[in-house]
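Reader: I am new to this structure. Please walk me through it, and show how each label is earned.

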Amino acid sequence: MDDEAMIAPRRGAMTDGVPPGRSRGRLADEVYDTLLGQLMSLRIEPGSRVTIDALARELGVSQTPIRDALNRMEAEGLVVRVPHAGYHIPPQITRQRFEDMLELRLLLEPAAARRSAERASLQQVAGLRRMLEEMAELEGGGGLMAYGAFGLRDAAFHDLVALSAENQVIREALARLHTHVHLFRLAHDTQVTHLAMAEHEEILAAIAARDPDAAAYAMRRHILRSGERFRRLFDERRGADEMAAEA
């Protein structure tokens, strides 16, 4: 379903900007889903500015659900709020920044997985398993919103591993990178989701088995393989840009 089709039922008579039969929270969720789809499809371009007024007019809703959705997106690293200048979409990452992030992840995340295998509570292991179940449901879904939601849960899975490692410094360092947000905006590639699922399963199995060495190895292998997949996307994008320049 495209963005216009999603928004269309919300146009018309409203009370305080909320269509009859929809709560403020539900409407904010729908706006969030629409904006996520636009962001992952690059319809909202990296580096561009977005304003609440313009989005309210485009989507036919009041400013309140727009503001709620943007606040949520800011917390997830999808948009950046600039004082007195509205919101901006983070620029697409460069190849060099990608390589730098990959190097840092290889230093931090295998160590976090090792500690998670030693320290994770039963509740945290169960939480990791639920996260993978949600990702499995999204993997089979079509469309850019499902792909974007998969990317956010991918980030949440890695964050939960870091949380269960009980090392707040590692967790904060990884959160500041917003690695997954940047990477999943590169392209809509179903292979990324399919292969990531199998690798996440290996990480979880090692953590659940309380095997620190296996957990660290599985995490390192996942990051290296993920790096290879996204490196290919960078190469494809560069090739497309070179062809366009020659045309």
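Reader: What order do the strands of the sheet have, and what is their pairing?

Author: This is a predicted model. Its open sheet has three strands in the order S1-S3-S2, and the pairing is antiparallel.

Reader: What makes S1 and S2 edge strands?

Author: Count the partners. Strand S1 (49-50) and strand S2 (80-82) each have a single partner strand, so one side of each is left without a neighbour in the sheet.

Reader: How do you know that S2 and S3 pair?

Author: Pairing needs at least two bridges between the strands. Three bridges join S2 to S3 (residues 86-88), so the rule is met. One of the contacts links Val82 with its bridge partner Gly86 in S3.

Reader: What lies in the loop between S2 and S3?

Author: His84 has its place there. Its phi is positive, about 65°, although His84 is not a glycine.

Reader: Why is His84 called exposed?

Author: Exposed means over 50% relative accessible area. His84 has 87% relative accessibility, so it counts as exposed.

Reader: Which other residue has a positive phi without being glycine?

Author: Arg210 has a phi near 60°. Arg210 sits in the loop between helix H10 (190-208) and H11.

Reader: Is Arg210 buried, exposed or partly exposed, and what makes it so?

Author: Its relative accessible area is 36%. That value falls between the 20% and 50% limits, so Arg210 is partly exposed.

Reader: How many helices and strands are there in the protein chain?

Author: The protein chain has eleven helices and three strands. Along the sequence the pattern reads α-α-β-α-α-β-β-α-α-α-α-α-α-α. Of the 247 residues in the protein chain, 45% are buried.

Reader: Which residues of helix H8 are buried?

Author: In H8 (residues 168-177) they are Ile170, Ala173, Leu174 and Leu177.

Reader: How do you know that they are on the same side of H8?

Author: Look at the arc around the axis. The four cover only 95°, which puts them on the same side of H8.

Reader: What makes Asn167 a cap for H8?

Author: A side-chain oxygen of Asn167 lies 3.2 Å from the backbone nitrogen of Val169, at the N-terminal end of H8. The limit for a polar contact is 3.5 Å, so this distance is within it.

Reader: Why is Gln38 called buried?

Author: Buried means under 20% relative accessible area. Gln38 has 2%, so it qualifies. Gln38 belongs to helix H2 (residues 24-40).

Reader: What joins the side chains of Gln38 and Glu58?

Author: A polar contact of 3.3 Å joins them. Again the limit is 3.5 Å, so the pair passes.

Reader: Why do Glu99 and Arg95 count as a salt bridge?

Author: The nitrogen must be within 4 Å of the carboxyl oxygen. Here N to O is 3.1 Å, so the label holds. Both residues lie in helix H5 (residues 95-119), four residues apart, about one turn of the helix. Glu99 is partly exposed at 23% relative accessible area. Arg95 is partly exposed too, at 30%.

Reader: What does the salt bridge of Asp213 and Arg114 tie together?

Author: Their side chains meet at 2.6 Å, N to O. Asp213 lies in helix H11 (residues 212-246) and Arg114 in helix H5, so the pair ties together parts 99 residues apart in sequence. Arg114 has a relative accessible area of 28% and is partly exposed.

Reader: Where do Arg171 and Asp159 lie?

Author: The side chains of Arg171 and Asp159 meet in a salt bridge of 2.9 Å, N to O. This pair links distant parts of the chain: Arg171 is in H8, Asp159 is in helix H7 (residues 144-164), and they are twelve residues apart. Both are partly exposed, Arg171 at 23% and Asp159 at 27%.

Reader: Which residues do salt bridges with shared partners join into one network?

Author: They are Arg95, Glu99, Arg231 and Asp235. The count of salt bridges comes to 13.

Reader: How do you know that Arg72 sits over the ring of Tyr32?

Author: The limit for the distance to the ring centre is 6 Å. Arg72 lies over the face of Tyr32 at 3.5 Å from the ring centre, so the distance fits.

Reader: How many aromatic pairs are there?

Author: The count is zero.

Technical notes: Residues numbered from 1 in each chain as written. Predicted model: local features only at pLDDT ≥ 70, side-chain atom pairs only at ≥ 80, totals over all residues. Heavy atoms only, no water. Phe/Tyr/Trp six-rings, centres within 6.5 Å; stacked < 30°, edge-to-face > 60°. Lys NZ or Arg CZ within 6 Å of the ring centre and 35° of its normal. Buried < 20%, exposed > 50% of the residue type's maximum accessible area, 1.4 Å probe, protein only. Helix = DSSP H or I, 4+ residues; strand = E, 2+ residues; numbered from the N terminus. Arc of directions from axis to C-beta. Polar contact = N/O pair within 3.5 Å; in protein donor to acceptor, adjacent residues only side chain to side chain.
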